Structure formats: structure tokens, C-alpha cells
Amino acid sequence: YRAKDQKSGIAVFEAAMNQQAQLRLQLATDLRLALEAPHTQLELHYQPQVRLEDGQVVGAEALVRWRHPHLGLVPPGQFIPVAESTGLIVPLGIWVLNEACRQAADWAAHGHSGLRVAVNVSALQFARPDFVDTVSATLHATGLPADQLEVELTESAVMQDVHGAVERMERLRALGVSVAVDDFGTGYSSLSYLQRLPLNVLKIDRAFVQGLEVNTTSRSVVQAILGLAQHLNLNCVAEGVETPEEREALRAIGCRYAQGFHFARPLPAPALLELLSRTGHLL
Ligand code: C2E
Ligand code: MG
Ligand code: MG
Ligand code: MG
């Protein structure tokens, strides 16, 4: 851009927009390439999920990471939206599902049995008519028992087409797979739908967990979600627990499960295995 363009605010704004659009285009092109040999650039990290009663690790959430050859580590918040807008989320999601199930089966092979893996599934991936068949085929191919897989959906993925979502969730449940709603409390789902959904887990968003031992509003929201979950016979997992105070406050008000930096950051598979061996599954 020439100097005279820079004088106009609009030109600067357009240049910035253009730059962002170009980055997204670049990411889309590079992600398409990366997906041709996923293991060379993509990997999953795993964040332990803990039972608050005794600190026992009960499973881990798989979180995708992209090591871009020039840009370095690109966070999922940046490339998942690109993957969604280009449809690349479908092959990406299939790779993530397969990799997570393969790894979870491998934990058992290393003597860490019974751990559940939670996999994030985007709305577009969940909406595909063959989604449940893909899950079923993946469990078969990897040998992971169905009750050790949990699918995490966002409220919007469910609300886009409640009827279809209920049907697909019922089929997942029939396989033995558990279904969680991620980031609960931040979306727009109507509470009246919640009782119609064949769910297992509500994941309480980090926004309500942060500082809940001092913030009475946050604590009230968490207590309301716990009450709701109890009536609907659902488990709750608190997300983003960063301090011992948050952990203790959650335990005290009856939240049974949690994850967050306080327990462990998301870890590469070998580091997770190391942590499990070192701690005897107690965090
Ligand atoms: P999410 O599923 O709600 O995952 C939780 C996010 O919070 C992760 O960010 C995790 O690293 C971060 N986190 C965990 N504990 C703490 C904590 O104590 N404090 C703070 N500040 N953050 C914590 P990450 O890995 O950057 O992922 C961001 C989002 O990207 C995820 O939110 C999920 O919506 C999406 N995502 C990640 N992996 C996948 C994937 O494989 N497929 C799909 N469709 N989406 C994914
Ligand atoms: Mg999640
Ligand atoms: Mg979440
Ligand atoms: Mg989130």
C-alpha cells in the first residue's frame, strides 16, 4: 500500500480486512495440504478430566493442534472457523475422531485402562447424515469400547436442527457413546429443549468457573446448572479450573467432575502417559 492510501481510514481498514481475508485463504490452502498427510502437521493434545471427590483421572479431552510449517503453532480458535467455512472440518473431524480413539485404545494397552476420551465435534460434522456411521466404524477400527468415547457438541450444533440432533444423539447413545454439551450456559439453547435431549453431560463453561469462590453471581449460575443437571440426571464437568480455591468451591457445591490448568494443561500423548504413570491417576 502506498503512503497516500494510508491517509484514508477506510483504506487502512480495507487493507486490514484484506490481510485477514488473505490469511484465512492461506490457512485454508495450507490446511487442505496438511490434511493430505495429517500426522506431519496435526496432533492431538489431551487434557485430563478429574473426579473431584478423590482427584481420580477419569478421562481426557482431545484438543487439536496444528504445527504450520511457517506460521508455527496455529491455535484451534483460528483454524477451526476456517475449516468450518471451507468444509475441511469434515476430513479434519474424521482424522481427529480416529486419532483420539486410537490413542485412547493405546492408553489401555499401556496399562491405563477405563479412561474415556472426549472429542469435540463441530456442528457441520454432526449434521452429516453419515456421522453416527463414521463413529461406529471408527470404534470398530480402533477397538475402543464405545463407553470410553464421549462426543462434545456445542449448543448451537444441537439447536440448528433439534429433531435431527435428537435422532443422531439417540443413535450415539444406542452405540454406548456418551454425549456432552460443551460450553454450557454461553449459547442460546432453550431450557425447554434440554429435557428432550438424550444427553449424559453438561460442561459448565469456564466463564462461570473463574473465581466462583468469591464471585457470588458465578457461583449462583454454577449452582443453578448443577440443580438442573441433577433433575435431568446428567453429570457435570466444570471447565477451566485454574486454582485450588475454584476446585474446592466446586467440590463443596456438589460438582463431581472438572478439568483445567489447575490439574493439567492439554498434553501430547506421551506426556499424558507419563503423567498417568507418575501420579497413579491421582491429581
Ligand atoms: P473447548 O472444547 O471448550 O476446549 C477448552 C479450551 O479451554 C481449550 O482450548 C483448552 O486448552 C482451554 N483450557 C483448558 N483448561 C483451561 C484453563 O484452566 N484455563 C484456560 N484459560 N483455558 C483452559 P483450545 O485447545 O485452544 O481449544 C479451543 C476450542 O477449539 C475448543 O474449546 C473447541 O471448541 C475447539 N476445538 C479444539 N479442538 C477441536 C477439535 O478437534 N475439533 C473441533 N471441532 N473443535 C476443536
Ligand atoms: Mg470441548
Ligand atoms: Mg468448552
Ligand atoms: Mg470453549
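This dialogue reads a metal site and a ligand site in a predicted model.

Author: Local features here need pLDDT of at least 70, side-chain atom pairs count only at pLDDT 80 or more, and totals for chains, interfaces and linings use all residues. Residues are numbered from 1 along each chain as its sequence is written, chains are lettered from A and ligands numbered from 1 in the order written, and side-chain values use heavy atoms, without hydrogens and water.

Reader: Which residues are the protein donors of the magnesium ion (ligand 2)?

Author: Donors are N, O and S atoms within 2.8 Å of the metal (3.2 Å for Na, K and Ca); water is not among the atoms, so sites may look incomplete. Here they are Glu61 (OE), Asn120 (OD1), Glu152 (OE) and Asp182 (OD), 2.0 to 2.2 Å from the ion. Asp182 also coordinates the magnesium ion (ligand 3), and the two ions are 4.0 Å apart.

Reader: Is Glu152 buried or exposed?

Author: Buried means under 20% relative accessible area, exposed over 50%, partly exposed in between (1.4 Å probe, protein chains only). Glu152 is buried at 2%. Asn120, at 29%, is partly exposed.

Reader: Which polar side-chain contacts does ligand 1 have with Arg65 and Glu242?

Author: A polar contact is a pair of N or O atoms within 3.5 Å; within protein, one must be able to donate a hydrogen and the other to accept it, and residues adjacent in sequence count only if both atoms are side-chain atoms. A polar side-chain atom of Arg65 lies 2.8 Å from an oxygen atom of ligand 1. For Glu242, a side-chain N or O atom is 2.5 Å from a nitrogen atom of ligand 1.
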